[in-house]
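Got the model open in your viewer? Keep the selection box handy and follow along.

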Amino acid sequence: MLTTSHRVAPGLLSWPAWEALRTADRVLCADGAHPQLPYLREAGITVEEAAPTAEELVAACAGGRTAVVVATGEGEPALTDGLARLAGSGRVALPELELLPASYDLPGARLLDLVQVMDRIRAECPWSSRQTHRGLAKYAVEESYELVEAIEDGDRDELREELGDVLLQVVFHARIAQEDEEAPFSVDDVAATIVAKLIHRHPHVFGDATATTPEEVKEHWLRTKAAEKRRESVTDGVPLHQPGLALAAKLASRVRTADLDVPLPAGAGIGYDLLALAARAEQEGVDPEAALRAAARAYRDAIREAEGLPAHPTDTVDR
């Protein structure tokens, strides 16, 4: 039984697979439109379009002959179930059976499935076909927060699902971008851009630079990023629409990294108090948003306790 992956270009088969195909007495395939068939025939291999039963396949292997079944995308469940029944009956002497993967999925191959599914949804779904970057923006924020919540709750199943939801946002936006008349780009362009950026900002991995500590890695990153962006101010590139505590901490981080002497603005009111707390948290290596969320969860638990309710379900998850 020869299996192949539709995510690998047809004709790119392993050497054991080609050897099995060349030396077989018969090569069978139930799907006359199987993408591998043109390449097998081009290599001089005769392929019969047939869907043998388990009994017929056993008979084809009588006398030490070899038959190769090129499996369809469904994996030939009827044939394998029939062979299992024959083996279980004990009344038939089965030939040697081998499942031979002719091609394997590479890491990340399922991303191709996601791109294809998104392409069809964009074309055929009445809701998805009308979405725009601006209309979807709020979902990117919501999904990011749900991902953070899954991380902080320590829920592995939720983490996997929320990562998928965030990934969907990327693929969805890239699919919409393909349709732009003036400056279209695709998910491949998105991937190529981040690959180039990662390679350029990791000279200690892909180049001759050396970095043995996280601090040295960060120094490489900031230096190459500064050269790329050519920003006038350390505040350039800081998104002002992020949550207030995170914004304050990010500005404090930029000041500290650039070794600038910038005192906190003096002012009365809670806003200036929160700014000082966020700057202090950043200096101490604490994420103020995460710290506040942790304190808020403790407050929520105290509220539930006052209401006579049990602890929140996520509190039982190992963090």
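Here's a short walk through one helix, two unusual backbone spots and a few cysteines.

Before you click, note that this is a predicted model, where local features need pLDDT of at least 70, side-chain atom pairs count only at pLDDT 80 or more, and totals for chains, interfaces and linings use all residues. Residues are numbered from 1 along each chain as its sequence is written, and side-chain values use heavy atoms, with hydrogens and water left out.

**Stop 1: helix α11**

Select residues 244–257. That's α11, 14 residues reaching 20 Å from the first C-alpha to the last, close to the 20 Å expected at 1.5 Å a residue (the expected span is 1.5 Å times one less than the number of residues). Helices here are DSSP runs of H or I with at least four residues, strands are runs of E with at least two, and both are numbered from the N terminus.

Now show the side chains of Leu245, Leu247, Ala248, Ala249, Ala252, Ser253 and Arg254: these are buried (under 20% relative accessible area; exposed is over 50%, partly exposed in between, with a 1.4 Å probe and protein chains only). The buried residues of α11 pack against α10 (214–229), α12 (270–283) and α13 (288–306).

**Stop 2: where α11 meets α12**

Add 270–283 to the selection. The two helices, α11 and α12, pack at about 55 degrees with their axes 8 Å apart, which makes α11 oblique to α12. On the α11 side, the contact (heavy atoms within 4.5 Å) uses Leu245, Ala248, Ala249, Ala252, Ser253 and Arg256, while α12 brings Leu274, Leu275, Ala278, Ala279 and Glu282. Axes are lines fitted to C-alpha atoms, for helices over the stretch in contact, and angles run from 0 to 180 degrees between N-to-C directions. Under 35 degrees counts as roughly parallel, over 145 as roughly antiparallel, 65 to 115 as roughly perpendicular, and the rest as oblique.

**Stop 3: two positive phi values**

Most residues other than glycine have a negative phi. Pick aspartate 259, in the loop between α11 and α12: its phi is positive, about 55 degrees, and the residue is exposed at 69% relative accessible area. Then jump to glutamate 76, in the loop between β4 (67–69) and α4 (77–89). Glutamate 76 also has a positive phi of about 55 degrees, but is buried at 14%.

**Stop 4: the cysteines**

How many disulfides does a search of the whole structure find? The count is 0, a disulfide being a pair of cysteine sulfur atoms within 2.5 Å. Select cysteine 61: its closest cysteine sulfur, in cysteine 29, is 16 Å away, too far for a bond. Cysteine 61 is buried at 14% relative accessibility, whereas cysteine 125 is partly exposed at 26%.
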